Each structure stands twice: as C-alpha cells, then as structure tokens.
Amino acid sequence: MTATPMQVLTRPFAIEPVTNICLLDGIFDNALYNLRIACHYTNTSGGALNNVTLYLEGVGDPGIAPTAKTFHFASIPANASVLVMWDANFMNAVPGKRLVSFVAKADGFDSRRTIAQIFVSQTRFDATLNTYTCTVEEGTLTVSKISAIVQRPTWGSRGRDGKCECPPEGGPWVPTGMTLAWAPDPSYAGTHGDLPFSDPWWKILAIIVAIIAAIVAIVAAATGNGTASFGASGTFDETQPSVTCCTPDTGAGPKRDYTVAGVASAIAVGAAAVALSDAADPFWRGQEKTPPAKSELTIGERVVAKWKLADPPTAGKAYAAEVSWSYTRFTTGQTYAYAVAATQANVHVSDGVQVDTPPTVHPFKPLWVRAQFRKGGGALFKGPELYAFALFRSPGDGLYFVVAITDDGLGFDPGANDGVYAGSLDLERAYRLLLKDRLPLEGIWRVYVFAQDVNQTKPGTAPQIAAQHIGGFFVSSAIHITFDPSLPCPLEAQATITVT
C-alpha cells in the first residue's frame, strides 16, 4: 500500500496554553516551561481520507518532553488542513533548530512519517542589570534600556461602582524603544552574519523577549511559581501617553480570563516588530551599509532604536511608527556605524471580520460560531493561513471558554479552505464547570473571535527571503488598546447567543 497522503507542510508553531496565543513566528522559548507544539496537518490527496489517526512520534531533543496523545478523525476532506497540538515541557530544551516526527495513518494506506523543524530559543532575565538575553545557536541577543508606554493603575476591570480594578499582572505595555546587542557565535568575516535559525530577522528575538516579559506575570498568576525561568519582567523608562482604558473580567477568581490579557500584551509589544520593519531589520540594513575590511571579523553589533506612535497598536490595522535607529558594528579592526530615520507601518493587516452565530440555542445543544477574516484588499484568509479561536462568555459575569475555530470542513465548518472558520462549545461540558461556581447556563452568551497569521514559508526557502515572512501577528481581535481614557472598555463582543 502507498503511504497516507497527510503531511505537515509548514513549520509547527508554539502555543502558550494559559493565554492560548501563538508566540511570534511560532518560536518556542524555554523561559516558558509549558508550551504546545501545534501544526496544520494537510490531506494532500484529491479525496477524503477515512479513519485517520495522527500522533507526535518524537522530538530530536531529550530536553523537550511532549505528552503522548493520538488524534482520531472519522474523515478528513480533500485538501483540508486540521489543527492538532500536543502539550510539551520545554524546561530543559536546548536552543536551536530541533526535528519533530509526526505520523499519520488512514484506512487503505500505510503510515506516513513527516519530519519538521521547530525553532527553540532561551530567554533569561538579569534583575541586577535589568537586561534580557535571548540565546540561539547563532549567538546571543541582549535587550536593555526598554522604554514603554505602560499601563496606569486604572487598567483592569470596572467594578460595580464603575471604577477600574487593577489585576495583579497589570495591563499591556507598548514598547517605544530598546537597545539590542548581538554577539555572534562564532565571529564572522564578510558583510552579513548568520540569521537566527537561518530564517527570521534578529529583531524577532527581541520581540520574543518582549512577549515573554509581557506574559510571564500572567502565566505565573494562573499557574503559580515554577512554570517559567523568571517570575516578573524588568522596569521600563516610561513615555507618554499611557494605557488607561479598562478591559473587563480580569479580576481574581475563577472568572478570570487570561487569554484577554495575553492577546492585549501580544498586540501591544507587536509595535516593536512594526517599528523595526519586516522587509529588512536594522541589523541587516546596518550590515549592508558597513562592510568590514577583508581581514576583519565582526565580534559584536548593536542597534539603538526609538519610535513614536500616533495611534495605539491595533490588530489588523496599518498603524504607523516614526522610528530612528543607529547601528554599530564592532570588528577586530575598527568600529563602523550607520543610522536611519523612517516611518514604518504594520503590514499584517485585514479588512475586518464577519461573525455568524445562531440567535437562540436550547440548553445542552452546541453553541457554534463561524467567522470570515478578510485580508487587506478583501480576499479571505483560508485554511492553514490563520490560527484562530473564539471565546464564549457565559451569562452575567460568567466564565470564559476557549474554542479553536478552523477552516477544515469538519463540524460546523461548511467546507475546507472556503474562508469560513468554525468551532463549537459543548454546553454539557460547560454546564458542569458552571455548576461548580453556581453560575447560570441560560441567558445571553457573548462571543469574541481572534486570529493570528501563520508563517506559510516552505522549508528550504533562502534565509534572506524566509526572514521577510513572519507569523504570529494578530490580524483580528475583539480587544482594542487605546491611549484615550474617555473611550469605553475595549473588549467588545462580536456576537451574542441566547440559551433558553
């Protein structure tokens, strides 16, 4: 028999399980011990496959410990990509590119193994120096002197008296500058050094640092100590304005929603990625403009960047950053410098989302949601181009339930790759959880949808081309950051369902 026509066609990506967000460009970092290895598994045949099993066979690093789990599908439509993920412990992971083996088996076919790479970094925080380091095989990036628009004490949920209540982890902080120092390993001759993982720009390591610094307190608040390599982020040089508007439901207790806080943090720190450009980051541009003498080796590089935002970072919008940066190359012979001032815009844009839900559902029938996310220009995102999920919030000050929404032709999705992402919540399961907190099932449920783009670069793409394609940016979000304290709370339901 021939091998099962199921493959993992693009690089697996990291999901942080407390916040449910995809880490930038899908990179795994062992500062967060518990992560999920997620991938889109694609039926590459022209017909449906039946009785399909998928499992993760192993990882080429004994320091990465995945939890065994086998996924079963009665049928997978032709050309459909199903989202699967495995919990794994990365506490002892070694930085670098690591191989992961997946196995698929369908009726009428032999098993088929797919070998894919994941990228692993190692972020650490030095409280004495107030610096972060992010280590990969190609070298170490040190991030310091972070300036940011920070949350004011009013960030949080509005209490019954209308005032904001500040949660333990606070709100998002929007970076407005930082110093990045790259120590290549080994030192190199010529104009350009090796890209991290031979793929993304050096700036991606800085954004990973920023995201981890932003969400580590959220993870600690949810799971306690011992789940990350450090428990709090450093201090920032504060700039104006400040983040002041509330988000609901971040108070203590079982009603807390860590996903909302994680999404807000990811959108906020994405401002740094926008300022430092996707097309060519300051390191690459600085290297091009400062070619060393043939006899010299580059032993270190530094970028000092500052930027201003006229508008707050917004998922899917082409907000702009006025940025100035200087690059310095340190060699065995002399020092070279280059500087730039420019305006950069967010290129991870969308033309909005359309959400569809049933108006009314009877108790213990599934709640379902369908969403269409439009790219800039109006075309629909389809299939594995997005990692998307929905939050269902139970009536009143209720619980949140996270549900993946996919375009795979399964469940409530009408067809694979048609641009409709769908998912559902089992109300029987939800009811058991609501009972524990004596919360009602019947009433108005609110629905919020979110989507992040996924890096679609094929394995083997030239590094300088692959580096220009970055995934993990939110292109749609129900939460909106604002610098204006007079605006309403920015988490807005895109649909409601009445359970009666």
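## The largest pocket

How much space lies in the largest pocket? About 670 Å³. This is a predicted model, so treat the pocket as part of a prediction. The lining of the pocket takes in 25 residues, and Leu83, Met85, Val403, Ala404 and Thr406 sit closest to its centre.

Which strands build that lining? At least two residues each come from β7 (70-76), β8 (81-89), β23 (386-393), β24 (400-405) and β25 (421-425). The top contributor is β8, with 6 residues. Sorted by class, the pocket lining has 15 nonpolar residues, 6 polar ones and 4 charged ones.

## The chain as a whole

Stepping back, the chain has 500 residues, and 56% of them count as buried. Its secondary structure adds up to 5 helices and 28 strands. Take the contacts between residues at least 6 apart in sequence: 73% of these join residues at least 24 apart. On the outside, the chain exposes about 19,400 Å², with carbon and sulfur atoms supplying 51% of that.

How confident is the predictor? The average pLDDT for the chain is 88, and 86% of the residues score at least 70. Two stretches drop below 50. One is residues 153-169, where the pLDDT is below 50 and the model shows 46 contacts beyond near neighbours in sequence. The other is residues 242-255, also with a pLDDT below 50, and here the model shows 65 contacts beyond near neighbours.

## Closed-off space

Rolling a water-sized probe over the atoms shows where empty space is left. In this structure, a search turns up 3 cavities of 30 Å³ or more. The largest cavity holds about 150 Å³ of space. Its lining is made of 17 residues, and Ala266, Ile267, Gly270, Phe473 and Phe474 lie nearest its centre. Two elements, α1 (203-223) and α2 (258-275), give two or more residues to that lining.

Which of the elements gives the most to the lining of the largest cavity? Helix α2 does, with 4 residues. As for chemistry, the cavity lining divides into 12 nonpolar and 5 polar residues, with no charged ones.

## Two buried residues

Staying with helix α2, Ala271 is one of its residues. Is Ala271 buried or exposed? Ala271 counts as buried because its relative accessibility is 0%. Setting aside neighbours within four places in sequence, Ala271 is in contact with Val174, Pro175, Trp307, Leu309, Pro313 and Tyr319. Ala271 and Tyr319 are 48 residues apart along the chain, yet their C-alpha atoms are separated by 9.0 Å.

The other one to look at is Arg329, in strand β18 (residues 320-331). Arg329 also has 0% relative accessibility, so it counts as buried. Leaving out residues up to four places away in sequence, Arg329 touches Tyr188, Gly190, Thr191, Gln287, Thr290, Pro292, Thr298, Gly300, Gln334, Thr335 and Tyr336. One of these, Pro292, lies 37 residues from Arg329 along the chain, and their C-alpha atoms are 8.6 Å apart.

## Backbone oddities

Most residues other than glycine have a negative phi, and most peptide bonds are trans. A few spots in this chain go the other way. Where is there a cis peptide bond? Asp185 and Pro186 are joined by one, with omega at about 5°. Pro186 lies in the loop between β15 (174-184) and α1.

Then there is phi. Asn130 is not a glycine, but its phi is positive, near 55°. You'll find Asn130 in the loop between β10 (112-126) and β11 (131-136). With a relative accessible area of 26%, Asn130 is partly exposed. Lys145 is another non-glycine residue with a positive phi, about 50°. Unlike a loop residue, Lys145 has its place in strand β12 (residues 139-149). Is Lys145 buried or exposed? Lys145 counts as exposed because its relative accessible area is 62%.

Methods
Residues are numbered from 1 along each chain as its sequence is written. This is a predicted model: local features need pLDDT of at least 70, side-chain atom pairs count only at pLDDT 80 or more; totals for chains, interfaces and linings use all residues. Side-chain values use heavy atoms; hydrogens and water are left out. Buried means under 20% relative accessible area, exposed over 50%, partly exposed in between (1.4 Å probe, protein chains only). Contact means heavy atoms within 4.5 Å. Accessible areas come from the Shrake-Rupley method with a 1.4 Å probe; for residues, only the protein chains shown count as cover. pLDDT is the predictor's confidence in each residue, from 0 to 100. On a 1 Å grid over the protein atoms alone, a cavity is a set of points where a 1.4 Å probe fits but cannot get out, and a pocket is an open set with protein on both sides within 12 Å along at least five of seven lines; lining residues have an atom within 4 Å of a point. Grid points are joined across faces, edges and corners, and a volume is the space filled by probe spheres set on the points. Ala, Val, Leu, Ile, Met, Phe, Trp, Tyr, Cys and Pro count as nonpolar, Asp, Glu, Lys and Arg as charged, and the others, Gly among them, as polar.
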